[in-house]
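Colleague: Could you take a close look at one part of this model for me, the helix and what it rests on? I would like a single connected account, with the strands beneath described as carefully as the helix.

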Amino acid sequence: MSARRRFRNLIRIGPVQVGTAYDQRGREKHTAACTAPRCGFSSEYDSRSAAELAARTHRCPAR
Ligand SMILES: [Zn+2]
């Protein structure tokens, strides 16, 4: 696991987890991160819906 941040509202869509956390500046960030070992997909979004959409449409190359 990389960044040790406190995620709220953590959900799982397929292999991708979506969570909300605050960045260093105290702003809300929405992260979508794939849990597949060889994938490494991880991205941050300004809105929760964008993060969830990315999770839903993520095509895992590790499969
Ligand atoms: Zn993936």
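**The helix and its sheet**

Modeller: The cover over the buried residues of helix H1 includes strands E1, E2, E3 and E4. This is a predicted model, and what follows should be read in that light. The residues of H1 that count as buried are Ala51, Ala54 and Ala55. Viewed down the axis of H1, these buried residues fall within an arc of 100°, so they line one face of the helix. The general background is that an α-helix has 3.6 residues a turn, so residues three or four places apart point the same way. On the face of H1 turned away from that buried side sit the exposed residues Ser49, Arg56 and Thr57.

The surface under the helix is an open sheet of four strands, in the order E1-E2-E3-E4 and with antiparallel pairing. Its edge strands are E1, covering residues 8-13, and E4, covering residues 42-45, each of which pairs on one side only. On average, and with direction ignored, neighbouring strands of this sheet are turned by 20° against each other. Helix H1, residues 48-57, packs on this sheet and touches E1, E2, E3 and E4, while its direction makes about 5° with that of E3.

Turning to the pairing within the sheet, E1 and E2 run antiparallel and are joined by four bridges, and Arg12 stands opposite Gln17 of E2. These two strands form a hairpin with two residues between them, and in the turn Gly14 has a positive phi of about 60°. Gln17 also has a bridge partner in E3, namely Ala33.

Between E2, residues 16-22, and E3, residues 28-34, there are seven bridges, and these strands again run antiparallel. Within that pairing, Tyr22 has Glu28 of E3 as its bridge partner. The hairpin of E2 and E3 has five residues between the strands, and there Gly26 takes a positive phi near 80°.

Taken together, the picture is of a helix that packs on the sheet and touches E1, E2, E3 and E4, with Ala51, Ala54 and Ala55 as its buried residues and with Ser49, Arg56 and Thr57 exposed on the face turned away from the buried side.

Key. Residues numbered from 1 in each chain as written. Predicted model: local features only at pLDDT ≥ 70, side-chain atom pairs only at ≥ 80, totals over all residues. Pairing = 2+ DSSP bridges. Axes fitted to C-alpha atoms, helices over the stretch in contact; angles between N-to-C directions. Contact = placed C-beta atoms within 7 Å. Buried ≥ 20, exposed ≤ 12 C-beta atoms within 10 Å, placed from the backbone. Arc of directions from axis to C-beta.
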